[in-house]
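I went through this model for backbone oddities, cysteines and pockets. My notes follow in the order I took them.

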Amino acid sequence: MLGKELLTYVDHTLLRPIATWDEIKVICEDALAYHTASVCIPPDFVASAHNAYPNLNVCTVIGFPLGYQTTESKVAEAKQAIAEGASEVDMVINLGDAKQGDFHAITEEIKALKSVCGDNILKVIIETCLLTDTEKIRMCEVVTAAKADFIKTSTGFSKAGATFDDIALFASHVGENVQIKAAGGISSFADADEFVKLGADRLGTSRLVKIEKQQ
């Protein structure tokens, strides 16, 4: 797949805690220029980005990056983000619940977030590098049952990001209603192309646009 076509799969991402509005403006303008799927930015920049770039698809993160906030606080975050102009929300699951096998609690939390999101896209980050394959498969089932729109590999803030094996595993176990987002560590068009071939529908990365700008 050609580079420009691959960029349409990209959630052009800037989530560093020291990101400034000037930096956010650059990735918003790049996203429009290179026709990325969205920009993925911190919640406190959503309103400014939406107001400055009303035609831009704005994605933000909820319960990020550790996921151990209460469901009520995640719901409040999501409500505010959507009210301020986010059209996509990437939430982090409670990883402690996953490790102790409380998948019912995770299912109910995802349902609560999807209820708030409505027709807006909800992506569920499961932080694959911290889970066993058995837990990842169980999360594929949970995300499917909870009717989220995407399952997503990683925050990019833990010990590893997306792997080819995880995307292949997702593709084998998610339901037909669930799409797949690979995120974290995607640093070349060759890798991006392989992720898409394996089943990824979105790619969370900041690097591909930077590479394309240098061509």
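Entry 1, Lys147. I looked up Lys147 and found it in the loop between α7 (133-145) and β6 (150-152). The model is predicted, and I read the backbone angles here with that in mind. Phi of Lys147 is positive, about 65°, although the residue is not a glycine. I noted this angle because most residues other than glycine have a negative phi. I also checked accessibility: Lys147 is exposed, with a relative accessible area of 59%.

Entry 2, His35. I then turned to another positive phi in a residue other than glycine, that of His35, near 60°. His35 is in the loop between α2 (21-34) and β2 (38-41). Its relative accessible area is 57%, so I wrote down His35 as exposed.

Entry 3, peptide bonds. Which two residues does a cis peptide bond join? I found Phe64 and Pro65, with omega at about 0°. I logged the bond because most peptide bonds are trans. Pro65 sits in the loop between β3 (58-62) and α4 (71-83).

Entry 4, cysteines. How many disulfides does a search of the whole structure find? The count came back as zero. For Cys28, which is in no disulfide, I looked up the nearest cysteine sulfur; that of Cys40 is 11 Å away. Cys28 has 0% relative accessibility and therefore counts as buried. Cys59 is in no disulfide either, and its nearest cysteine sulfur is also that of Cys40, at 3.6 Å. I checked this distance against the cut-off: a pair of cysteine sulfur atoms has to be within 2.5 Å to count as a disulfide, so the pair of Cys59 and Cys40 does not qualify. Cys59 is buried too, because its relative accessibility is 0%.

Entry 5, largest pocket. I looked up the volume of the largest pocket and got about 580 Å³. The lining has 30 residues, and the closest to the pocket centre are Thr13, Leu14, Leu15, Thr205 and Ser206. Next I asked which elements each supply at least two residues of the lining. The strands on that list are β1 (10-13), β7 (179-183) and β8 (202-205). The helices on it are α2 and α10 (207-213). I noted that α2 also borders the loop that holds His35. By class, I recorded 12 polar, 10 nonpolar and eight charged residues in the lining of the largest pocket.

Terms used: Residues are numbered from 1 along each chain as its sequence is written. This is a predicted model: local features need pLDDT of at least 70, side-chain atom pairs count only at pLDDT 80 or more; totals for chains, interfaces and linings use all residues. Side-chain values use heavy atoms; hydrogens and water are left out. Helices (H or I, at least four residues) and strands (E, at least two) are DSSP runs, numbered from the N terminus. Buried means under 20% relative accessible area, exposed over 50%, partly exposed in between (1.4 Å probe, protein chains only). On a 1 Å grid over the protein atoms alone, a cavity is a set of points where a 1.4 Å probe fits but cannot get out, and a pocket is an open set with protein on both sides within 12 Å along at least five of seven lines; lining residues have an atom within 4 Å of a point. Grid points are joined across faces, edges and corners, and a volume is the space filled by probe spheres set on the points. Ala, Val, Leu, Ile, Met, Phe, Trp, Tyr, Cys and Pro count as nonpolar, Asp, Glu, Lys and Arg as charged, and the others, Gly among them, as polar.
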